[in-house]
Amino acid sequence: MKNAELSQRRLNAIPRGVSVQCDCFAQKAENATLWDVEGNEIIDFAAGIAVLNTGHRHPAIVSAIEQQLKAFTHTAYQIVPYESYVALAERINALAPINGAAKTAFFTTGAEAVENAVKIARAYTRRPGIIAFGGGFHGRTFMTMALTGKVAPYKSGFGPFPGSIFHARYPNKLHGVSVDDALASLEQIFKADIAPDQVAAMIIEPVQGEGGFNIAPVAFMQALRTLCDEHGILLIADEVQTGFARTGKLFAMEHYSIAHHALEHGNVKADLITMAKSLAGGMPLSGVVGRAEIMDAPAPGGLGGTYAGNPLAVAAAHAVLNVIEQERLCERASQLGHHLVKILEQARLQCPAIAEIRALGSMVAVEFNDPQTGKPSSEFTRQIQTRARREGLLLLSCGTHGNVIRFLYPLTIPEAQFHQALEILSRILAK
């Protein structure tokens, strides 16, 4: 079977709204390597959009799914519960950077986790308002589209959206948005749009994913925590993309809540944290963890879902946590990210289009501007992607202007293959 033939079948059978980046179709995969139906080998620096921190088909995860498959595949946890769900919640409760006792509920997708975090926050505070941030991405359902701070392609033509959602600015030094500017935008919301005593929660990505891997400064997170405490507002950290070792910590919020970390001294913890993507190594599983009294606010039956906490996905998640610990993936994320940043800094000497390099662990991105105009260049970014793809390296773009390349290689990638990918990248940037 040929890629071109499958591409035509795709166009005939599937609506154009489901866009596809690659013109090839997957046949098999292992760790950081994909093979298409024509036998071409691809180094995967996309990892299913940050889902495969533990790589394709990690043996421990495959084994865990196989064992669960022999027992049962579905009961609906809310009808007939199972111990593995409880045990996974206990593990997450112990690991998540939450003040005091924690509780966890599991769902299926990242958007579903965010939706439920909003439900929990509103149930606890009895308030309607939610503040999100420009450039943020939180999902494709109506609530999460409303929270997302980017119109095209996520919101175009789909309105109207749920009310009581407001957007503040996210600090971005390269684009001239300081911490003070971002905080001033919050004060403006409180003055012009909604009183702070009507706001249930603020939701923020510690490192923006689709927004361009922009890292929230510690001073900003500290100010948000102070504002939230002052007005009785909950702080929700959306860790759907940042979680499970990507940033060098199991949760990115750990960088803000412990001393001697990658950023600077901080003491910020969220009230609720959403998670998905790499939680279950490719199986659909998401969750919300938070302070126990907040998580208990919805009445019985208020949370759930037919497939929520699917037993196959839960089994995979237990294996993921084991692999992260046993293979020291948090430490490896920091090492790989540090090496990639060095390569990008070297490339910057030969590539004037590189405007900024951003990194927290292995959550690494490079932003490109047109050297002549200084404006964001999505065209240059597309050229980098296309040339890399021709050489067998799969890269993803992101950013409000579509001018950022993000690197999402599996943290289990073999050393030799990682260096091979960086050689390809260096060669392309030098040209």
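# Exercises on sheets and helices

The 4 strands β1-β2-β3-β13, in that order, make up an open sheet with mixed pairing. Keep in mind that you are looking at a predicted model.

**Exercise 1.** Find which strands are the edge strands of this sheet, then work out which helix packs on it.

*Solution.*
- Step 1. Look for strands that pair on one side only: these are β1 (26–30) and β13 (393–394).
- Step 2. Now follow β1 to its partner. β1 and β2 (residues 33–36) are antiparallel and share 4 bridges. One bridge to spot is E30, whose partner in β2 is T33.
- Step 3. Look for the helix on the sheet. That's α14, which touches β2, β3 (41–44) and β13. The direction of α14 makes about 95° with that of β3.

**Exercise 2.** Helix α14 has a helix partner too, α12: describe how α12 and α14 pack.

*Solution.*
- Step 1. Know what to look for: the packing of two helices is described by the angle between their axes and the distance between the axes.
- Step 2. For α12 (residues 329–348) and α14 (residues 415–430), the angle is about 20° and the axes are 10 Å apart. Angles under 35 degrees count as roughly parallel, so α12 is roughly parallel to α14.
- Step 3. Check the handedness: α12 and α14 cross in a right-handed way.
- Step 4. Pick out the contact residues. On α12 they are R332, L336, H339, L340, I343, L344 and A347, and on α14 they are E415, F418, H419, L422, L425, S426 and L429.
- Step 5. Sort the residues of this contact by type, and you get 9 nonpolar, 3 polar and 2 charged.

**Exercise 3.** Do the same for helices α7 and α8.

*Solution.*
- Step 1. α7 (residues 179–192) and α8 (residues 218–231) have axes 10 Å apart, at an angle of about 20°. These two helices are therefore roughly parallel to each other.
- Step 2. The crossing of α7 and α8 is right-handed.
- Step 3. From α7, the residues V179, A182, L183, L186, E187 and F190 meet F220, A223, L224, L227 and H231 of α8. Sorted by type, the residues of this contact give 9 nonpolar, 1 polar and 1 charged.

**Exercise 4.** In the open sheet β11-β12-β15-β14, say which strands stand at the edges and which helices lie across its strands.

*Solution.*
- Step 1. The sheet has 4 strands, and the pairing is antiparallel. At the edges stand β11 (354–360) and β14 (396–398); each has a single partner strand, so one side of each has no neighbour in the sheet.
- Step 2. From one strand to the next, the twist averages 25°.
- Step 3. Zoom in on one edge: β14 pairs with β15 (residues 404–407) over 3 bridges. Here L396 sits opposite R406 in β15.
- Step 4. Add the helices. α12 lies across β11, β12 (363–368) and β15, at about 170° to β11. α13 (residues 378–390) lies across β12, β14 and β15, at about 40° to β15.

**Exercise 5.** Is strand β10 enclosed or open, and which strands are joined to β10 by bridges?

*Solution.*
- Step 1. Count the buried residues of β10 (residues 286–291): 6 of the 6 are buried, so this strand is largely enclosed by the rest of the structure.
- Step 2. Look at β4 (residues 102–107), which runs antiparallel to β10 and is joined to it by 6 bridges. In one of these pairings, A105 has V288 as its bridge partner.
- Step 3. Turn to β9 (residues 272–275), also antiparallel to β10, with 4 bridges. There, I273 stands opposite V289.

Note on methods:
Residues are numbered from 1 along each chain as its sequence is written. This is a predicted model: local features need pLDDT of at least 70, side-chain atom pairs count only at pLDDT 80 or more; totals for chains, interfaces and linings use all residues. Side-chain values use heavy atoms; hydrogens and water are left out. Axes are lines fitted to C-alpha atoms, for helices over the stretch in contact, and angles run from 0 to 180 degrees between N-to-C directions. Angles under 35 degrees count as roughly parallel, over 145 as roughly antiparallel, 65 to 115 as roughly perpendicular and the rest as oblique. A crossing is left-handed if the near helix is turned anticlockwise from the far one by less than a right angle, and right-handed if clockwise. Contact means heavy atoms within 4.5 Å. Ala, Val, Leu, Ile, Met, Phe, Trp, Tyr, Cys and Pro count as nonpolar, Asp, Glu, Lys and Arg as charged, and the others, Gly among them, as polar. Buried means under 20% relative accessible area, exposed over 50%, partly exposed in between (1.4 Å probe, protein chains only). Two strands pair if DSSP finds at least two bridges between them.
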